[in-house]
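User: I should like to go through the structure below and ask, for each term applied, on what grounds it is used.

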Amino acid sequence: MRRQFGLPENSIRPKSLRWSIIPSSSGVLLRILLLSDIHANLEALEACLVAAPAYDLVANLGDIVGYGASPNEVIERSQSLGKIFVRGNHDKAATGLLQLDDFNPLAAAAAMWTRDQLPPEHHKWLQALPQGPIPLEGVPQAQLVHGSPGDEDVYIVSIGDALVPLLADATPLTFFGHTHLQGGFFANGNSADGFRPEYRTVGQAESVPLQLKPDTRYMINPGSVGQPRDGDWRAAFALFDTEAQIVHYHRTPYDLKAAQDRILAAGLPPRLATRLAAGR
Ligand code: ZN
């Protein structure tokens with residue numbers, strides 16, 4: 001998937017390319033655990049938390065619920081991890097903020113099932129999650145979104161999709177989710193491209209580092225915790241080390257069978273269980 005191309009001479013040039021390491025307000029550099037698209041998969045979330053290296057705070061990029069069978073458990077676990085959240089389209093759909101017309105039948109069935117499971121306090125909490133982009137406290141070069149900086153519901157799948165937000169947005173580093181595809185995009189003065197971490201195994205816990213370069217803008221997707229769609233069944237997450245300026249991509253196996261059994265026992269569409277094994 002690696003592909004480089006020169007931007008035309010008269011293309012938009014990012015305004016502030018210079019990266020500098022800016023400590024947080026407390027003067028402490030941070031290790032930020034990035035979780036996205038957990039989708040009510042408690043087994044995958046717990047496995048990520050076990051596999052994660054030490055971190056200072058957690059940023060959640062949305063779609064906490066939908067598809068999986070443990071919405072309330074995942075909401076409570078997510079609440080216990082911190083206060084940094086961006087809402088996703090499934091969080092909106094499960095609380096009536098988004099019509100189900102644009103959802104495929106599987107997603108709509110899961111959203112309606114989820115809606116029926118939520119006690120009032122969880123419904124209220126999900127519904128009040130903030131719309132991205134939101135700033136990342138202590139890291140002024142970075143922002144958090146679910147889909148794209150310009151539209152929370154837009155899918156950034158290709159470098160073509162990423163180019164405008166990469167070059168036009170004022171913030172040089174955007175963490176996003178929504179596509180369930182771990183990887184990202186970069187642009188600098190000469191080139192722009194997409195990238196995916198390359199892992200050596202298909203079933204073990206692994207991590208791949210991405211060293212951020214100066215004068216380069218990034219959109220980084222930590223991948224989906226609870227329903228990966230990049231052909232890798234393992235739960236995905238990332239850790240951003242602001243001091244080293246490294247994003248560590250991670251994959252970890254989890255108790256797939258338990259997550260599938262819960263989906264089937266809940267009466268959700270069986271396809272929502274089988275797709276987890278394929279990572280699609
Ligand atoms: Zn999602």
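User: Where does D37 lie, and what makes D37 count as buried?

Analyst: D37 lies in the loop between strand 1 and helix 1 (42-51). Helices (H or I, at least four residues) and strands (E, at least two) are DSSP runs, numbered from the N terminus. A residue is called buried if 20 or more other C-beta atoms lie within 10 Å of its own, exposed if 12 or fewer, and partly exposed in between, with C-beta atoms placed from the backbone. D37 has 30 other C-beta atoms within 10 Å and is therefore buried.

User: On what kind of model do these statements rest, and how are the residues numbered?

Analyst: This is a predicted model, in which local features need pLDDT of at least 70 and side-chain atom pairs count only at pLDDT 80 or more, whereas totals for chains, interfaces and linings use all residues. Residues are numbered from 1 along each chain as its sequence is written.

User: What is noted about the phi of D37, and what about the phi of D63?

Analyst: D37 is not a glycine, yet its phi is positive, at about 50 degrees. D63, also a residue other than glycine, has a positive phi near 60 degrees. D63 belongs to the loop between strand 2 and helix 2 (71-81). With 29 other C-beta atoms within 10 Å, D63 is buried.

User: Why is K92 counted as buried?

Analyst: K92 has 23 C-beta neighbours inside 10 Å, so it counts as buried. This residue is part of helix 3 (residues 89-94). Apart from neighbours within four places in sequence, K92 is in contact (C-beta atoms, placed from the backbone, within 7 Å) with R87, L97 and L98.

User: How do you know that L272, A273 and L276 are on the same side of helix 8?

Analyst: L272, A273 and L276 are the buried residues in helix 8 (residues 271-278). They cover an arc of only 105 degrees around the axis, which places them on the same side of helix 8; the arc is that of the directions from the helix axis to the C-beta atoms. An α-helix has 3.6 residues a turn, so residues three or four places apart point the same way. The face turned away from the buried side of helix 8 carries the exposed residues R271, A277 and A278.

User: Against what do the buried residues of helix 8 pack, and why is helix 7 called roughly antiparallel to helix 8?

Analyst: The buried residues of helix 8 pack against helix 4 (105-117) and helix 7 (256-265). Helix 7 and helix 8 pack at an angle of about 165 degrees, with their axes 8 Å apart. Helix 7 is therefore roughly antiparallel to helix 8: angles under 35 degrees count as roughly parallel, over 145 as roughly antiparallel, 65 to 115 as roughly perpendicular and the rest as oblique. Axes are lines fitted to C-alpha atoms, for helices over the stretch in contact, and angles run from 0 to 180 degrees between N-to-C directions. On the side of helix 7 the contact is made by L256, A259, Q260, I263 and L264, and on the side of helix 8 by L272, A273, L276 and A277.

User: What makes strand 3 and strand 9 edge strands?

Analyst: The sheet in question is open, with six strands in the order 3-2-1-11-12-9 and mixed pairing. Strand 3 (84-85) and strand 9 (206-211) each have a single partner strand, so one side of each is left without a neighbour in the sheet. Two strands pair if DSSP finds at least two bridges between them. Strand 1 (residues 31-35) and strand 2 (residues 57-60) meet this with four bridges, in the parallel sense. In that pairing, the bridge partner of L33 is V58.

User: Which strands stand at the edges of the sheet with the order 4-5-6-10-7-8?

Analyst: This is an open sheet of six strands with mixed pairing. Its edge strands are strand 4 (134-135) and strand 8, each of which pairs on one side only. Strand 4 is joined to strand 5 (residues 142-144) in the antiparallel sense by two bridges.

User: What makes strand 7 mostly covered, and with which strands does strand 7 pair?

Analyst: Five of the five residues of strand 7 (residues 183-187) are buried. G183, F185 and A187 are on one side, and G184 and F186 on the other. In a regular strand the side chains alternate between the two faces of the sheet. Strand 7 pairs in the antiparallel sense with strand 10 (residues 217-221) over five bridges, where F185 stands opposite M219. Four bridges join strand 7 to strand 8 (residues 192-195), again antiparallel, and these two strands form a hairpin with four residues between them.

Terms used
Contact = placed C-beta atoms within 7 Å.
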